[in-house]
Amino acid sequence: MRKPLKKNSYMRNPLLIILLFVTGSLQCQIPIKSGWNIGADVGTAFNRMTTKDLSLRKGHWGVTAGLTFNYTFKNNFICESGIRFTDKGSDELKGFDPQFKHYVASLTLNRLNYIEIPFMVGYRIKLCNAISLVPKAGAYYAVGLNNSWGYIENADNSFGGRINPFEDNDFTLGDGTKQTFLPYERVDGGFLIGADINFKQAVCRITYGRSFSPVFNTYDSSNRHQTLSISLGYYLFKRK
């Protein structure tokens with residue numbers, strides 16, 4: 001008669017099961033060819049600004065799209081860069097301080113479009129012939145575009161109008177007082193972390209980024225971008 005498994009057998013030891021799974025995954029590693037990989041992707045980005053002096057009603061869903069260039073080394077490490085468009089911003093910012101003499105109550109429909117250049121390093125884990133995982137980290141440099149825009153409203157509703165958030169905006173209140181709404185910083189930069197899931201030449205890309213420095217320093221020194229993006233793409237040229 002077959003004896004029953006003991007309670008301390010590997011079937012009842014989740015740690016042992018995890019170790020066996022990891023060992024099996026590593027043994028399944030297949031040599032990766034070195035070379036350039038070039039791809040394109042498009043997806044969605046959720047941006048939420050950190051605030052202290054201002055109040056943020058909610059974040060903003062935007063579009064992200066880009067071209068990616070990376071080089072895979074024989075030891076599976078990857079260096080990556082490219083160019084990317086990302087739509088950031090917020091639906092409404094309130095609480096601007098009157099000491100700046102602009103008397104703006106809120107900034108609504110706040111759309112901030114950026115061209116970004118990322119710099120990332122990663123490690124490609126090839127799980128089988130068709131699927132690989134690439135965890136990566138790095139930084140980005142971004143420049144705001146003039147097609148960005150928003151609407152400002154005065155505290156006494158004597159003024160409301162569209163602005164370019166990256167340039168000084170002069171306007172006149174209902175009582176004839178001239179005011180200036182000072183802009184966001186046009187240049188932005190921050191860190192990035194993320195992962196790619198590759199299936200043959202298709203890729204699902206997940207990335208989180210956060211600004212190093214304030215993007216709206218005149219009104220809120222703690223105002224920074226936080227962006228989570230998810231996109232789908234295809235490598236036009238890819239080393240297997």
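Asparagine 76 is buried in this predicted model, with a relative accessible area of 11%. Asparagine 76 lies in the loop between β3 and β4 (77–94), and its phi is positive, about 80°, although the residue is not a glycine. The protein as a whole has one helix and 14 strands, and 41% of its 240 residues count as buried.

**Positive phi outside glycine**

- Most residues other than glycine have a negative phi.
- Asparagine 76 departs from this sign with a phi of about 80°.
- Lysine 200 is another non-glycine residue with a positive phi, about 55°.
- The loop between β12 and β13 (202–211) holds lysine 200.
- Lysine 200 has 55% relative accessibility and counts as exposed, because the cut-off for that class is over 50%.
- Asparagine 76, at 11%, counts as buried because its value is under 20%.

**Aspartate 196 and its surroundings**

- Strand β12 (residues 187–199) contains aspartate 196.
- The relative accessibility of aspartate 196 is 2%, so this residue counts as buried.
- The side chain of aspartate 196 makes a polar contact with the side chain of lysine 136 at 2.9 Å.
- A polar contact at 3.1 Å joins the side chain of aspartate 196 to the side chain of arginine 205.
- Leaving aside residues up to four places away in sequence, aspartate 196 also touches others, including Glu80, Ser132, Leu133, Val134, Val203, Cys204 and Tyr235.
- Serine 231 is 35 residues from aspartate 196 along the chain, and their C-alpha atoms are separated by 9.7 Å.

**Nonpolar surface patch**

- A nonpolar patch of about 880 Å² on the surface is made by Trp36, Ile38, Leu67, Phe69, Ile83, Ile115, Ile117, Phe119, Tyr141 and Val187.
- Two or more residues of the patch come from each of β1 (35–50), β3 (60–72) and β5 (104–123).
- Strand β5 gives the largest share, three residues.
- Tryptophan 36, one of the patch residues, sits in strand β1.

**Whole-chain figures**

- The exposed area of the protein is about 13500 Å², and carbon and sulfur atoms supply 62% of this area.
- Among contacts with a separation of 6 or more, 62% are between residues 24 or more positions apart.

Conventions
Residues are numbered from 1 along each chain as its sequence is written. This is a predicted model: local features need pLDDT of at least 70, side-chain atom pairs count only at pLDDT 80 or more; totals for chains, interfaces and linings use all residues. Side-chain values use heavy atoms; hydrogens and water are left out. Helices (H or I, at least four residues) and strands (E, at least two) are DSSP runs, numbered from the N terminus. Buried means under 20% relative accessible area, exposed over 50%, partly exposed in between (1.4 Å probe, protein chains only). Contact means heavy atoms within 4.5 Å. Accessible areas come from the Shrake-Rupley method with a 1.4 Å probe; for residues, only the protein chains shown count as cover. A polar contact is a pair of N or O atoms within 3.5 Å; within protein, one must be able to donate a hydrogen and the other to accept it, and residues adjacent in sequence count only if both atoms are side-chain atoms. Patches are made of residues with over 30% relative accessible area and no salt bridge: like charges are joined within 9 Å, nonpolar side chains (Val, Leu, Ile, Met, Phe, Trp, Tyr) within 5 Å. A salt bridge is a side-chain nitrogen of Lys or Arg within 4 Å of a carboxyl oxygen of Asp or Glu.
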